[in-house]
Amino acid sequence: MTEIYLDPSRVVGRLERTVFGGFVEHLGRCIYGGVYDEGSPLADSDGFRTDVLALLRDLRLGVLRWPGGNFVSNYHWQDGVGPKDARPSRPELAWGGTDSNRFGTDEYLRYCAELGVAPYICLNMGTGDLAEALAWVEYCNSHRDTYFAQARRQNGREEPWAVPYWGLGNEMYGEWQVGSMSAEEYAREATRWARAIRMLDPQAKLVSCGMVGWSEWDRVVVDALAPLVDYHSIHIYTGSEDYWTNVLQPHQAERAIAAARGLIERAAYLQRVDHPPRLAYDEWNVWYRNMDGALEERYSFVDALAVGTYLNIFVRNCAWVKMANLAQMVNAIAPIVTTPEAVAVQPIYYPFLLHSQGALELAVDVFVEGPTVEWPGEPHKSRWPHRVGDLGPFPLVDAAATVDAGRRRMFLTLVNRSPEEPEQVELIVRGRALDGPARLRTLTAERSTAGRAIADVETACLEEGGVATKGSSVELALPPQSFTAVELSLGG
Ligand code: AHR
């Protein structure tokens, strides 16, 4: 039996819609053959796959990061604007492909407009230089009568695209990154870029390139860039064949958030920074099966439990995590999979969908009292070095909750990690009666492969229901290995 105590007035932070963000990279079939499929009967006149668009629209993303990832560190944006047939094909160094450049800046920004999401462009700090970056910002955002703003107009877009978010490079610390550098080199270079970009576009929200949150790289970068940027980015991937490792490793994000926050608070205090950056978890996911080439990971329902937990963690920590981007959205380590004829969603699609559709404006504190679990040991077949044993014990049921600004509604997301047993849960709301039944949406593993749209893509079982409330509490039975979204109406 687990008891979850909730207090609608114990707000822990404002939840930004950008926490439900996505990421699409020129990688394998993410853009070409996924997002964009010229000539396909499933594509619209812009070449956008309408089946993919519809599924992304349902996810109500707040932001979509592009064009990489590792890809961006040798991407020259001017190759990807203007008449398509005149655009050059280029070798793609990060993943060993070729880029036709038929999907470029204007296509991406039209795609964002189509989805109603804020664009987030990562700049090339590998083979790109500051002049090229400034030209990109001018092309996208300038109202003026200047060369690159005019080039945008000539390419059919009169009004500026108003791209709010700009990333200062991607994973510039890694030897896998074209043009990687030391922390000190990065700090110096990114400082120059940040100052210059702000001169051109004072509204630009800048994102510094962090690592995992607790590294020396993060410290050096935060110390240099805290006065200059709006977000410090960190990345996390986890996953393993081992059940407990897979479902508990996301808790490493809690360590990362705490550590990065500490670095930022320290820098802000010592340097008297009035508006210190917040965190952008601008790549996160489960990823462990397919490390090379097109990254066409096939997800299981256990991975969906991990994804549901990640989002719970971001909601609980939303005072600091102001953006998070599921890496990635289509075909490459993605919830959405395409073939030339069909589209399907993997199990990880659903916890994101339920979280994003149900989340309310303010996160509230959750106190969970019940059975706990401990991480059993070293990662089994895990590529990632995340040890989380020192962070436990973890509640068997991981929970997060939000309320609307008027405190009339409450939304909860519950991950029951018990492998075999259902868990009885009582939700107890302090000082408020519950009005009417609780609305439930419960995800469990797929029961039959019969309805699959793509034969090797596992999906999940989503059931809706309701349960009567009593006074200020409600009792639920969570199936083993399940994710449940609960909507409550708060009375007087
Ligand atoms: O999302 C896949 C890759 O993971 C990204 O290109 C890179 O930034 C990270 O290493």
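What covers the buried residues of α6? In this predicted model, the cover includes α5 (183-200), β8 (205-209), β9 (231-238) and α8 (252-271). Helix α6 itself spans residues 216-225, and its buried residues are Trp217, Asp218, Val220, Val221, Val222 and Leu225. An α-helix has 3.6 residues a turn, so residues three or four places apart point the same way. The N-terminal end of α6 is capped by Ser215. A side-chain oxygen of this serine lies 3.3 Å from the backbone nitrogen of Trp217, and Trp217 is also one of the buried residues of the helix.

A second serine, Ser180, sits in the loop between β7 (165-167) and α5. Ser180 counts as partly exposed because its relative accessible area is 33%, which falls between the 20% limit for buried and the 50% limit for exposed. Apart from neighbours within four places in sequence, Ser180 is in contact with Met172, Tyr173, Gly174 and Glu175. With Gly174 there is a polar contact: the backbone oxygen of Gly174 lies 3.3 Å from a polar atom of the Ser180 side chain. Ser180 can also be placed relative to Gly126, which is 54 residues away along the chain. The C-alpha atoms of these two residues are separated by 6.5 Å.

The next topic is enclosed space. Searching the whole structure gives three cavities of 30 Å³ or more, and the largest has a volume of about 50 Å³. Its lining is made up of Tyr75, Trp77, Leu123, Asn124, Asp129, Glu132, Ala133, Trp136 and Trp193. By residue class, six of these are nonpolar, one is polar and two are charged. Helix α3 (residues 130-141) supplies three lining residues, the largest share.

The ligand remains. Around it are Phe23, Glu25, Gly69, Asn70, Trp95, Asn170, Glu171, Tyr237, Glu283, Trp287, Gln328 and Ile333. Polar contacts to ligand oxygen atoms involve Asn70, Glu171 and Glu283. For Asn70 the partner is a polar backbone atom, 2.9 Å from an oxygen of the ligand. Glu171 uses its side chain instead, with a polar atom 2.6 Å from a ligand oxygen. In Glu283, too, an N or O atom of the side chain is 2.6 Å from an oxygen atom of the ligand.

Conventions: Residues are numbered from 1 along each chain as its sequence is written. This is a predicted model: local features need pLDDT of at least 70, side-chain atom pairs count only at pLDDT 80 or more; totals for chains, interfaces and linings use all residues. Side-chain values use heavy atoms; hydrogens and water are left out. Buried means under 20% relative accessible area, exposed over 50%, partly exposed in between (1.4 Å probe, protein chains only). Helices (H or I, at least four residues) and strands (E, at least two) are DSSP runs, numbered from the N terminus. Contact means heavy atoms within 4.5 Å. A polar contact is a pair of N or O atoms within 3.5 Å; within protein, one must be able to donate a hydrogen and the other to accept it, and residues adjacent in sequence count only if both atoms are side-chain atoms. On a 1 Å grid over the protein atoms alone, a cavity is a set of points where a 1.4 Å probe fits but cannot get out, and a pocket is an open set with protein on both sides within 12 Å along at least five of seven lines; lining residues have an atom within 4 Å of a point. Grid points are joined across faces, edges and corners, and a volume is the space filled by probe spheres set on the points. Ala, Val, Leu, Ile, Met, Phe, Trp, Tyr, Cys and Pro count as nonpolar, Asp, Glu, Lys and Arg as charged, and the others, Gly among them, as polar. A residue is near a molecule or strand if one of its heavy atoms lies within 4 Å of it.
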